[in-house]
Protein chains: 2
Amino acid sequence: MFQIVYPEAVERWGVFEIEIHAHVSGNPFLGTYFLAEFTGIQEKKQISGFYDGNDRFRIRFMPSFEGEYSFRVMSGMAGETLEETGGTFQVNPAGKGNHGPVRVKKPYHFRYEDGTRYDPVGTTCYAWIHQEEKLQEQTLQTLRSSCFNKLRFCIFPKHYRFNFREPELYPFEGEAEDFGILTWDNFMQVKFSTKSRWDYTHFVPEYFRRIESRIADLCRLGIEADLILLHPYDRWGFAKMPRQAEELYYRYVIARFSAYRNVWWAQANEYEYMPDKTEEDWERLGKLLMEEDPYGHLRSIHNNRRFYDHTREWITHCSIQRVDMYKTVEETNEWRSRWGKPVVVDELCYEGNICMDWGNISGEELVRRSWEITVRGGYTGHGETFESPDDILWWSHGGTLHGSSEPRLRFLRELLEQVPGDGLRFLDWTEAGIEGGGPCGEAEGEGTEELYRIYYFGKTCPARKRFVLPKGFEYEVDVIDTWNMDITPQKVSGNRFMVELPGREYMAVRICRK
Amino acid sequence: MFQIVYPEAVERWGVFEIEIHAHVSGNPFLGTYFLAEFTGIQEKKQISGFYDGNDRFRIRFMPSFEGEYSFRVMSGMAGETLEETGGTFQVNPAGKGNHGPVRVKKPYHFRYEDGTRYDPVGTTCYAWIHQEEKLQEQTLQTLRSSCFNKLRFCIFPKHYRFNFREPELYPFEGEAEDFGILTWDNFMQVKFSTKSRWDYTHFVPEYFRRIESRIADLCRLGIEADLILLHPYDRWGFAKMPRQAEELYYRYVIARFSAYRNVWWAQANEYEYMPDKTEEDWERLGKLLMEEDPYGHLRSIHNNRRFYDHTREWITHCSIQRVDMYKTVEETNEWRSRWGKPVVVDELCYEGNICMDWGNISGEELVRRSWEITVRGGYTGHGETFESPDDILWWSHGGTLHGSSEPRLRFLRELLEQVPGDGLRFLDWTEAGIEGGGPCGEAEGEGTEELYRIYYFGKTCPARKRFVLPKGFEYEVDVIDTWNMDITPQKVSGNRFMVELPGREYMAVRICRK
């Protein structure tokens, strides 16, 4: 015997939620007590529910089309249907700013499901959802006025430098080992907990409820939530869950979160740092995501120094950390070709001043790397690690930004959004009609029959550059100061011309056929 | 019948010259008409003379020891001695600033022959000796007040962008093809001359006389003359001489120049751009240099994008051009290990603003690369390519400097000269006792039992760095701003300490055991 509550309508790509009141015997987290089949004119989907505590189950569904939908809720266990009920609801047109989930526009770019282009400019706040409420609100405030349209963060709490506090809640019922006072100095001595005791079959619904409310907050801001499912910065043991626990966790998270259109699945941060996991594990879990997520949200796996084989079927796009300290992102175009998928450089070294060399470049250098990525047909990712007396660093805790790169990334994003077609592809200077070197991004995809290029000069400081472009056309030229964020048109005529430049770093030239 | 004129004395490592008045039949440039055997208490050397025009032959000898020397001059051809005369002279102690020729201090550094350390900080003016007199004098004036102690330049005239004028003189008798007016635009169309006619068996003594007077000028300034014997920037055909002509030229140059203690032999600039030459040619010519030069001056060969195998016996040190546009010099330590010889990065991209990407980095970037090279145990090389209304660019023509790197290279050179022992070797950060990354140079060689290190942070901006050094000692710490050129001592105690830094680019830390 169970009762259901559900709304009469939802917008397209919104979260339609059926709340179920039921008392079940046994562990309500195990198996699937409730599932529903949703039927609209253009789709039919079977969706698993999840237990949310207090005799409440929920089934969440994201409709991909407008119109009338019906559903049947089935109560069951191990495939055996015990009881059924159902209903209908209306799917209204998507509201303002709702373009549906992000999809790969093959081979190298992204679009929302409604066809609107999505040019990711992401940032990272690994553990922001594990900070106190007030700080989380501040993070959202910062994001609201920033240029970022993707946020990477971890589902599990984080144990790492600057991240020693116990979280308020744990994802599972149980007890955490008391490590005493953790400091920068003894951090390296802390190993995975052996005394923590977790019941991996009993999730703490409040823990996940908090996360999904943040996913929803981000969704309202038009920000994709790049959820990191597993990560190695751990002292509780969550990085070493048994296989069955892991799969239960994956299914639980899929059931709870996947109806949020802005969810992306990031299988790991720095997967190589989880030595207990084999490639087979990552493959199995990746396939589980691919098969169990009813909506096919984007899926990736993030490296430290050894790239994963991103050609694998379950991987939708390459989530990259630079592997060389000096040639950091200048192989973006090669990565694209190697793996045949969109390249998102989520870690290119953060803007900041901490001692670790993954977190102490200048704003100028972060912006330079972002431009190199962009003209090579990839997408950049921001992060910030400035020391702070309160130990609040954007990269992990959120809060406010202290660096200088964000306005320049906004400028970059705006320029990128003006590029026609799907986005940019890399042209080597030998084929880009420019004398003396310099990478070039050219618009690719439908609607790019007319030449549209952005040449980026990075750390070189030419006083002029000569161009030889296809004959028979006239061109519009803009000189772009990527750091000072201004765009100056320069008159040229014919297809062979010289563009005058100021002879300083970080300049670009945009050339479009008239 | 011949007459000789010679001075009574010369300083150690000076040029002792015997002038011979003789009229010979046949071509006086072919074969060896005159040679001399020099005998001192500690050395005996046979030295070939050369024809200098107007019935004058010269035999030049650089004595390596003090004291009385005697010599016998033999006139001959094809090994047959026709006539003999001789004399004695005194070799006095070396004058101020005369430390003898530069030698390799195995495996990775340099010393003058008198044991004084030589830390090269070179620059490049490829064609300065082919410019008008006044400009040459200005170049010497600039060098006099600069930090540079090595200059790379070509023996043959140069044909390249910014270098289209005919030289006043040619090295050989003959006639140059008239290519008309050469410009930036038609430059690429100009191929090697087919109409030029040269008699490679008749050198133009005045041409070589001018060069040696500049070698002597440089010697007075304490600057090593890194002579480029062959290069590809040619429209006259000198890059395509027949094999016998080439060997004759090598021997002539050796006979004329090798008594100047500051001569280095650079076999080629960008050897790969001389496609007529095989590796066998370079090897044969390299061995010729090694065997014919009586003083064993330093010998190298310079690449464009493909490194030569610098392990070859005739190569004394590696003259490197960076081969990657982004990871430019950060493999200096690996090059050292690979070839087991000193690494001199003669081309790391010049400071300037020309369109070509080998000549348009900022002063900051040139200095950054120079520091990376230095802490990795190599030696840097400067060059400058700023556009100028008069088309005078330091890199080729000399003149004056317009950039900002030279004072910073002076600062670097001064710091390097303070390093004890032979110079620096690279320590990876995992063995350098520093937290969070950053390259480190450590003093190596005799007299470096006490820890002496320079950590360089380049483009990273740490606000502090923690060090853990060998126990039981106290250390002196200096924070070095490599761009603003100041050194600030910082008090620390014990072997584990934190060094506070300003959180900006281009900082270094020097740590010495007290």
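This short talk walks through the contact between two chains, one helix at that contact, and a few backbone spots worth a look.

Hi everyone, and thanks for coming. A word on the ground rules: this is a predicted model, where local features need pLDDT of at least 70, side-chain atom pairs count only at pLDDT 80 or more, and totals for chains, interfaces and linings use all residues. Residues are numbered from 1 along each chain as its sequence is written, chains are lettered from A and ligands numbered from 1 in the order in which they are written, and side-chain values use heavy atoms, with hydrogens and water left out.

Let's start where the chains meet. How many residues does each chain give to the contact? Chain A gives 36 residues and chain B gives 36 residues, where contact means heavy atoms within 4.5 Å. Between them, the two chains bury about 2800 Å², with 45% of it on carbon and sulfur atoms. Buried area here is the accessible area, taken with a 1.4 Å probe, that two parts lose on being put together, summed over both. On the chain B side, the residues losing the most area to chain A are B:Tyr326, B:Cys355 and B:Glu435, together 21% of what that side buries.

Now for the charges. The rule finds eight salt bridges across this interface; a salt bridge is a side-chain nitrogen of Lys or Arg within 4 Å of a carboxyl oxygen of Asp or Glu. Try finding B:Glu387 and A:Arg464 on your screen: their side chains meet in a salt bridge, at 2.4 Å from N to O.

Which elements of chain B give two or more residues to the side that touches chain A? They are helix 6 (363-375) and strand 27 (464-468). Helices (H or I, at least four residues) and strands (E, at least two) are DSSP runs, numbered from the N terminus. That side of chain B divides into 10 nonpolar, nine polar and 17 charged residues. In this count, Ala, Val, Leu, Ile, Met, Phe, Trp, Tyr, Cys and Pro are nonpolar, Asp, Glu, Lys and Arg are charged, and the others, Gly among them, are polar.

Let's stay with helix 6 of chain B. Its 13 residues should span 18 Å at 1.5 Å a residue, and its end C-alpha atoms are 18 Å apart, which agrees. The expected span is 1.5 Å times one less than the number of residues. Is this helix mostly covered or mostly open? Mostly covered: 12 of its 13 residues are buried, meaning under 20% relative accessible area, with exposed over 50% and partly exposed in between (1.4 Å probe, protein chains only). Among the buried ones are B:Trp371, B:Arg368 and B:Glu372. Just after the helix, B:Gly377 takes a positive phi of about 85 degrees.

Last stop, the backbone. Most residues other than glycine have a negative phi, and most peptide bonds are trans. In chain A, the bond from A:Lys106 to A:Pro107 is cis, with omega near 0 degrees, and A:Pro107 lies in the loop between strand 10 (102-105) and strand 11 (109-112). In chain B, the bond from B:Lys106 to B:Pro107 is also cis, with omega near 0 degrees.

Two residues of chain A are worth finding too. A:Glu270 is not a glycine, yet has a positive phi of about 50 degrees; at 8% relative accessibility, A:Glu270 counts as buried. A:Tyr506, not a glycine either, has a positive phi of about 70 degrees and sits in the loop between strand 30 (496-500) and strand 31 (507-513).

That's my tour; thanks for listening!
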